[in-house]
Amino acid sequence: MNLLYNIAIQLAKLALKLLSLFNNKLKLGVDGRRETFTILENNLSKDDNTLWFHCASLGEYEQGLPIFNILREDYPKHKIVLTFFSPSGFEIRKNAPFADVVVYLPLDSKSNAKRFIDIVNPELTVFVKYEIWPNYLSQVKNRGLNAILISAVFRDNQSFFKWYGSQTKKALFAFDHIFTQNEDSKKLLHSIGYNQVTVSGDTRFDRVNNQLKIDNNLPFIEAFINNTLCIVVGSSWPEDETLLIDFINNYKGEPIKFIIAPHNIKSKQIETLQDNLKVKSVLFSNKEHQDLKQFEVFILDTIGLLSKVYSYADIAYVGGAMGNTGLHNVLEPAVFGIPVIIGKNYSKFPEAFDMIKHGGVTSIDSLNALTMHLNKLITDDAFRSKTGLLNQNFVNKSTGALLKITNYLKQNN
């Protein structure tokens, strides 16, 4: 199995190089990994004490951030190396303030893993959620280095729990402790004999709860809304926008303001979105010297503001689940006590299941379903308030992962 895995890694390397000729996102990753060892060697020395944090992409980064910030405070003299596998994480967070070095993680070959750990030699390694790299973790374990996995989610169809998954299963035992999001994941680990596990929950609950403690004031949003009911569409993809644009264009009820924050903010995508709207819309990039209250739709063609913008919403739609790109963070709006609507493809997102069951999140699968539910939320103030409160209560009772993980680290490091 070890031989087959390493052959697969080499084949993946060749495939990525070939595909990168036709895909700009893949090219960013291939080019970035080529520079990793040079960057590490230029920024680390043998005398440095280091911590290594690894995230597959942006979502895992958001989950790990509360822990990363605390470890930064607890280890002020250590150098922190942050790695990403996906360009969608690296390109947005390559200037992460807590990290001393941010790089792409080279592919998990034996030679790459050995060279990486030779340079970094991390006193503590923190992986987030479920990206498990056997060769890297083998190097960590064989050298007696400490490692934990946080916010982990496991499903019984993963290779760890199959007869052919000996290599990946072995990699799990490199972790000194695994913190899972739910009890089912803990049971799956127990089924393969891994017992150093704690159900901590999802660190994102702690992260979004902190959003309530900061200044979310955005005067230009207040000017746009002008005391009108507001629906915020967060991280939308074309599949989401097709339904929402239809709803907006045909809406005939009481005045409503819509704020749309597309996932893709490239100019062509934004231009298409704006052209398809039949109502007056304004871009964030063109907001200066505009009478914002005269517009019905505000398009956020920028990043970094959505978490604050949610604080102005009466209703939120979170994108990614109408297609197959992956549901975005439903906790960010939920923490502000507002109802949340999502698409139909949320099977890999346990928090969405739980929040639908709890009553604060609704999944829709068609324009008709979207229209019916939105009209109910718009016209029934009591229903809207009650539904939003369910989300707020759910987030509040789900915090605490941060405390469990930090208590473990204080006792064992």
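How far apart do the end C-alpha atoms of residues 35–206 lie, and how much of the span is helix and strand? The ends are 34 Å apart, and the span is 42% helix and 20% strand. The UniProt record, an unreviewed entry, places the feature "domain: 3-deoxy-D-manno-octulosonic-acid transferase N-terminal" at these residues, 35–206; such positions follow the numbering used here, feature names are shortened, and annotations may be inferred rather than shown by experiment.

This is a predicted model, in which local features need pLDDT of at least 70 and side-chain atom pairs count only at pLDDT 80 or more, while totals for chains, interfaces and linings use all residues. Residues are numbered from 1 along each chain as its sequence is written, and side-chain values use heavy atoms, with hydrogens and water left out. Helices (H or I, at least four residues) and strands (E, at least two) are DSSP runs numbered from the N terminus.

Now to the sheets. One open sheet has 7 strands in the order S3-S2-S1-S4-S5-S6-S7, with parallel pairing; two strands pair if DSSP finds at least two bridges between them. Strand S3 (101–104) and strand S7 (197–199) each have a single partner, so one side of each has no neighbour in the sheet. Neighbouring strands here are turned by 15° against each other on average, direction ignored. Further in, S1 (residues 50–55) runs parallel to S4 (residues 124–128), joined by 4 bridges, and Leu-51 has Leu-124 as its bridge partner in S4.

Two helices meet this sheet. Helix H2 (residues 24–43) packs on it, touching S2 (79–84) and S3, and its direction makes about 145° with that of S3. Helix H3 (residues 58–74) lies across S1, S2, S4 and S5 (146–152), at about 155° to S4. Contact means heavy atoms within 4.5 Å; axes are lines fitted to C-alpha atoms, for helices over the stretch in contact, and angles run from 0 to 180 degrees between N-to-C directions.

Another open sheet of 7 strands has the order S10-S11-S9-S8-S12-S13-S14, with parallel pairing. Its edge strands are S10 (281–283) and S14 (361–363), each pairing on one side only, and the twist averages 20° from one strand to the next. S12 (residues 315–318) and S13 (residues 340–342) pair over 2 bridges, with Val-340 the bridge partner of Ala-316.

Elsewhere, the axes of helices H11 (residues 238–250) and H16 (residues 367–379) come within 10 Å and cross at roughly 55°. H11 contributes Leu-243, Leu-244, Asp-246 and Phe-247 to the contact, facing residues of H16 including Leu-367, Leu-370 and Ile-378.
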